[in-house]
Each structure stands twice: as structure tokens, then as C-alpha cells.
Amino acid sequence: MFHKEGHKIIFLTFVFVVGSSLLADSFIPINWLRTIVLITLLVFLILILQFFRNPKRHTVLNNKQVVSPVDGKVVVIEEVFEKEFFNDKRLQVSVFMSPINVHVTRYPISGNVIFSKYHPGKYLVAWHPKASEENERTTVVVENDTYGKVLYRQIAGALAKRIVNYAKINDKATQGADSGFIKFGSRVDLYLPLDTKIKVELNQKVRGGESIIAEVND
């Protein structure tokens with residue numbers, strides 16, 4: 001299954017690869033060179049297909065838990081001052097996505113979308129300390145009666161040139177459902193209450209919609 005954000009690009013890539021393959025087969029008489037060109041075109045098509053894949057995830061709905069919004073690796077776990085929405089201290093958990101990860105963004109928790117804002121910006125590498133404040137990004141806050149307010153921020157990286165955000169204020173968010181897409185390497189930050197119980201470690205690989213990032217600290 002492929003994400004709807006990739007349908008047009010996949011179609012154009014397929015047309016390009018087929019057309020180029022026919023031309024190569026007709027106009028490149030050297031066998032080894034023709035083979036290299038055809039293999040290169042096939043690899044290019046496979047890379048595009050894998051980038052826009054949208055595998056089904058089995059999210060166990062739980063209002064006491066926050067699941068990872070994306071696939072990738074946990075690169076930040078720290079207490080920070082979040083100044084765009086909360087204007088106070090929160091626990092930040094950041095997940096970095098490489099170009100080979102699934103790039104679908106999913107709602108980390110169910111609830112009501114109470115904030116959604118897009119910010120144009122730079123394209124610093126996603127792990128840069130200032131990326132969360134200076135790069136192109138979107139900020140979304142979902143409020144859950146059990147867990148409270150959870151903020152997640154999609155951040156463009158050096159290769160990411162388009163962030164897609166479906167979340168709109170007053171939308172009903174369902175944990176694990178698609179909430180957007182980021183094209184090419186990027187990062188998503190989560191901002192959680194200070195008394196939350198973090199369930200992941202630095203450098204741990206996580207799966208969007210399935211891996212538990214945090215839970216209510218009873």
C-alpha cells in the first residue's frame with residue numbers, strides 16, 4: 001500500500017522509468033552499458049516506491065499512552081522550555097527519520113486537535129539543535145481528557161522540502177491514524193507533561209502507531 005501523497009510522483013516516476021528503459025534498449029548498443037542503465041532505473045523506481053509505502057499498523061488505543069508518531073530512531077530525551085504553545089517546561093522526545101524510513105505521521109494520542117500551525121523556515125539538517133525553531137515545521141496539539149495536552153512538531157530536514165499536515169483545529173484525532181506526511185529525511189518532536197513516564201531510550205528504534213513513547217505516571 002502506498003500513501004496518497006506519493007500517487008502522482010509514483011505515476012510520473014513509472015512513466016519516466018518505462019520510457020527511459022525503452023530508449024535505452026533501442027539506442028544503447030553496448031550490452032553492459034545498457035544493463036547498467038536499466039538496473040539504475042529499476043533501483044530508482046524501487047527507492048521511490050519504498051519511500052512512499054504506507055504499511056498497516058496495529059495501534060492498540062489507550063488514552064493513558066502516547067505512541068510514536070513516526071518510524072525512526074529516538075535522538076532526544078530531555079526537559080526543555082516549550083515556548084510556542086505551552087510556554088513552560090515539558091519533556092521532549094524526538095524521533096529522527098532517515099530517507100529509508102516510513103514517512104507517514106500518525107496521531108500519537110486520541111483526542112481533540114486544539115492547535116495546528118504551519119511555520120515556513122530553513123532546511124537545516126534535522127538533528128541540528130536549532131532545527132525545531134528555525135526549520136520549516138508544523139505544530140499540532142491534541143488534548144486528551146486522560147493524558148492532557150500532547151504537542152507534536154513535524155520538522156523538515158536538509159532533504160525534506162514539503163511537510164503535509166492534515167490536522168485542523170477541532171478535528172477528532174484517533175491514535176495511530178494518519179495525520180500527515182514528510183517528504184524525505186526529517187524529524188518529529190513530542191512535548192509531554194513533566195510527570196509522564198518515558199518508555200523509550202536514546203537510540204532506540206520505534207515504529208509509528210505501535211511503539212509506546214510514554215504513559216501516565218500513576
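This passage describes the nonpolar cores and the second helix of a predicted model.

The largest nonpolar core of the model comprises 26 residues, and those with the most contacts inside it are Val-66, Val-142, Tyr-152, Leu-190, Leu-192 and Ile-213. At least two residues of this core come from each of strand 3 (88–97), strand 6 (137–144), strand 7 (148–156), strand 11 (186–192) and strand 14 (212–215). Separate from this group, a second core of eight residues is present, with Ile-10, Val-102, Val-104 and Phe-181 among its members. In soluble globular proteins, nonpolar side chains tend to be buried together.

Helix 2 covers residues 31–51, and because each residue is taken to contribute 1.5 Å, its 21 residues should span 30 Å, a value with which the 30 Å separation of its end C-alpha atoms agrees. Within helix 2, the residues Arg-34, Leu-41, Leu-45, Ile-48 and Phe-51 are buried. When helix 2 is viewed down its axis, the buried residues fall within an arc of 135 degrees, and they therefore line one face of the helix. An α-helix has 3.6 residues a turn, so residues three or four places apart point the same way. The buried residues of helix 2 pack against helix 1 (7–27) and strand 10 (178–182), whereas Asn-31 and Trp-32, on the other side of helix 2, are exposed.

An unreviewed UniProt entry carries the annotation "transmembrane region" for residues 34–52. In the model, the span of residues 34–52 is 95% helix and 0% strand, and its end C-alpha atoms lie 28 Å apart.

Conventions. Residues are numbered from 1 along each chain as its sequence is written. This is a predicted model: local features need pLDDT of at least 70, side-chain atom pairs count only at pLDDT 80 or more; totals for chains, interfaces and linings use all residues. Side-chain values use heavy atoms; hydrogens and water are left out. A nonpolar core is a set of buried Ala, Val, Leu, Ile, Met, Phe, Trp, Tyr and Cys residues joined through side-chain atoms within 4.5 Å. Buried means under 20% relative accessible area, exposed over 50%, partly exposed in between (1.4 Å probe, protein chains only). Helices (H or I, at least four residues) and strands (E, at least two) are DSSP runs, numbered from the N terminus. The expected span of a helix is 1.5 Å times one less than its number of residues. The arc is that of the directions from the helix axis to the C-beta atoms. Contact means heavy atoms within 4.5 Å. UniProt positions are given in the numbering used here, feature names are shortened, and annotations may be inferred rather than shown by experiment.
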